[in-house]
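Let's take a walk through this model together. We'll begin where its parts meet, and work outwards and back in from there.

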Amino acid sequence: MQKMKKALVTGITGQDGAYLAELLLEKGYEVTGTYRRTSSVNFWRIEELGIQSHPNLKLVEYDLTDLGSSIRLLQNAQPDEVYNLAAQSFVGVSFEQPVTTAEITGVGPVNLLEAIRIVNPKIRFYQASTSEMFGKVQAVPQKEDTPFYPRSPYGVAKLYAHWMTVNYRESYGIFGCSGILFNHESPLRGREFVTRKITDSVAKIHLGQLDVLELGNMDAKRDWGFAKEYVEGMWRILQADQPDTYVLATNRTETVRDFVSMAFKAIDVSIAWSGEADHEIGTCKKTGKVLVRVNPKFYRPAEVELLIGDPSKAEKELGWKPSTTLEQLCQMMVEADLRRNKAGFSF
Ligand SMILES: C[C@H]1O[C@H](OP(=O)(O)OP(=O)(O)OC[C@H]2O[C@@H](n3cnc4c(=O)[nH]c(N)nc43)[C@H](O)[C@@H]2O)[C@@H](O)[C@@H](O)C1=O
């Protein structure tokens, strides 16, 4: 009988951690999922996926910033594959907490790389890199060899971890891979991110629980895909013959404003846009009621204006291709938020 593969997933309480754990369990892996001790550790995502009591899932408390714990974690879990999805991942917060972001998101992964080097250099390592590293984009669309120009402390920290992964691959022959993932969303997305903030607010407006949705930069363009498909890409990256860097994206870009219109369309409301920049509003075409308003408090000190990825290398070498459209994704998120808000709870 073939030995069960073991995987370690850091950041199990996050959107990607939950979907990846689900996928690996389906594939017959034994999964150790790590989470950070906070005053409000929350397992709602793995509960919603119904995997929290899966016999092959073990949950372990772990802090990415501690080298000793990283070593003990690998000694105990003895994984074949490590997926590093833990991070301070909210770009907005990184401007307020640049040092903490650097420690967790930038240096944290190096503790894991060091632990791999010390405990078992054969362990395969996946680093969650990000399109935020392209920031002020130097080419359109962005691909693996596009020069980086991060625009936030988060992007800078991720770029450091990205290059360290490449460096451990080249220096020590570690199977270190990096997936440069463009924005990926789902009903499990945190409400601090713009798509979920929008779908949750649209659901609340529909149910009479909220009057107006307030947002920041409406002109930012993002390449939004479905997170569940992206974790499949992560797994494929670690199954390749050689360690490498891959872009995962949809190659379609839309503005925040477009996504708002799409979300309202899912509840049969058409929005008319008027006013410029700081004073822009969105009104219901039928009733004339203001439903969306720009509030400059949500602006960032530096913005990433346009992201659109070219995933052709991942398609060619890994056979990975996204299939869910943004309209389908948006509809799925609005429906989930309608269900949750109707039931009186929403995380
Ligand atoms: C790939 C990358 O993807 C994510 O980073 P992000 O693109 O910053 O995601 P977001 O949803 O916070 O913002 C998207 C855009 O939307 C604009 N925006 C307008 N109004 C609001 C607003 O009210 N809230 C938020 N959050 N954004 C707003 C905001 O200014 C930005 O231009 C993370 O997963 C990150 O970890 C990651 O790696």
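Start at the place where the two domains touch: eleven residues of domain 1 are in contact with nine residues of domain 2. On the domain 1 side, H4 is the biggest contributor, giving three residues. Sort that side by class and you get five nonpolar, three polar and three charged residues. Keep in mind that this is a predicted model.

So what are these two domains? The domain assignment makes domain 1 out of three stretches, 6-186, 224-251 and 306-322. Domain 2 is pieced together as well, from 194-219, 255-305 and 331-342. If you put a point at the C-alpha centre of each domain, the two points sit 30 Å apart.

Now for the ligand. Where does it lie relative to the domains? Both domain 1 and domain 2 give residues to the shell around it, so the ligand lies between them. That shell has 22 residues, and the ones that come nearest are Val91, Thr130, Val194, Gly216 and Ala220. Two helices are worth picking out here: H4, running over 91-96, and H7, running over 194-206, each supply at least two residues of the shell. H4 is the helix we met a moment ago, giving three residues to the side of domain 1 that touches domain 2. As for the chemistry around the ligand, the shell is made up of nine nonpolar, seven polar and six charged residues.

Next, look at a pair of helices, H1 (residues 15-26) and H8 (residues 227-239). Their axes come within 9 Å and cross at roughly 65 degrees, and the crossing is right-handed. Which residues meet there? From H1 come Gln15, Asp16, Tyr19, Leu20 and Leu23, and facing them from H8 are Ala227, Lys228, Val231, Glu232, Met234 and Trp235. By class, this contact counts seven nonpolar residues, one polar and three charged.

Finally, step back and take in the whole chain. It holds eleven helices and 15 strands. Its radius of gyration is 20 Å, close to the 20 Å that the globule rule gives for 347 residues, so the chain is as compact as a globular protein of that length. Measured out along its principal axes, or rather computed along them, the C-alpha trace spans about 65 × 45 × 40 Å. Within that outline, come back once more to the ligand, with domain 1 and domain 2 both giving residues to its shell.

Technical notes: Residues are numbered from 1 along each chain as its sequence is written. This is a predicted model: local features need pLDDT of at least 70, side-chain atom pairs count only at pLDDT 80 or more; totals for chains, interfaces and linings use all residues. A residue is near a molecule or strand if its C-beta atom, placed from the backbone, lies within 6 Å of it. Helices (H or I, at least four residues) and strands (E, at least two) are DSSP runs, numbered from the N terminus. Ala, Val, Leu, Ile, Met, Phe, Trp, Tyr, Cys and Pro count as nonpolar, Asp, Glu, Lys and Arg as charged, and the others, Gly among them, as polar. Domain bounds come from an automatic or database domain assignment. Axes are lines fitted to C-alpha atoms, for helices over the stretch in contact, and angles run from 0 to 180 degrees between N-to-C directions. A crossing is left-handed if the near helix is turned anticlockwise from the far one by less than a right angle, and right-handed if clockwise. Two residues are in contact if their C-beta atoms, placed from the backbone, lie within 7 Å. The radius of gyration is taken over C-alpha atoms; the globule rule is 2.2 Å times the number of residues to the power 0.38.
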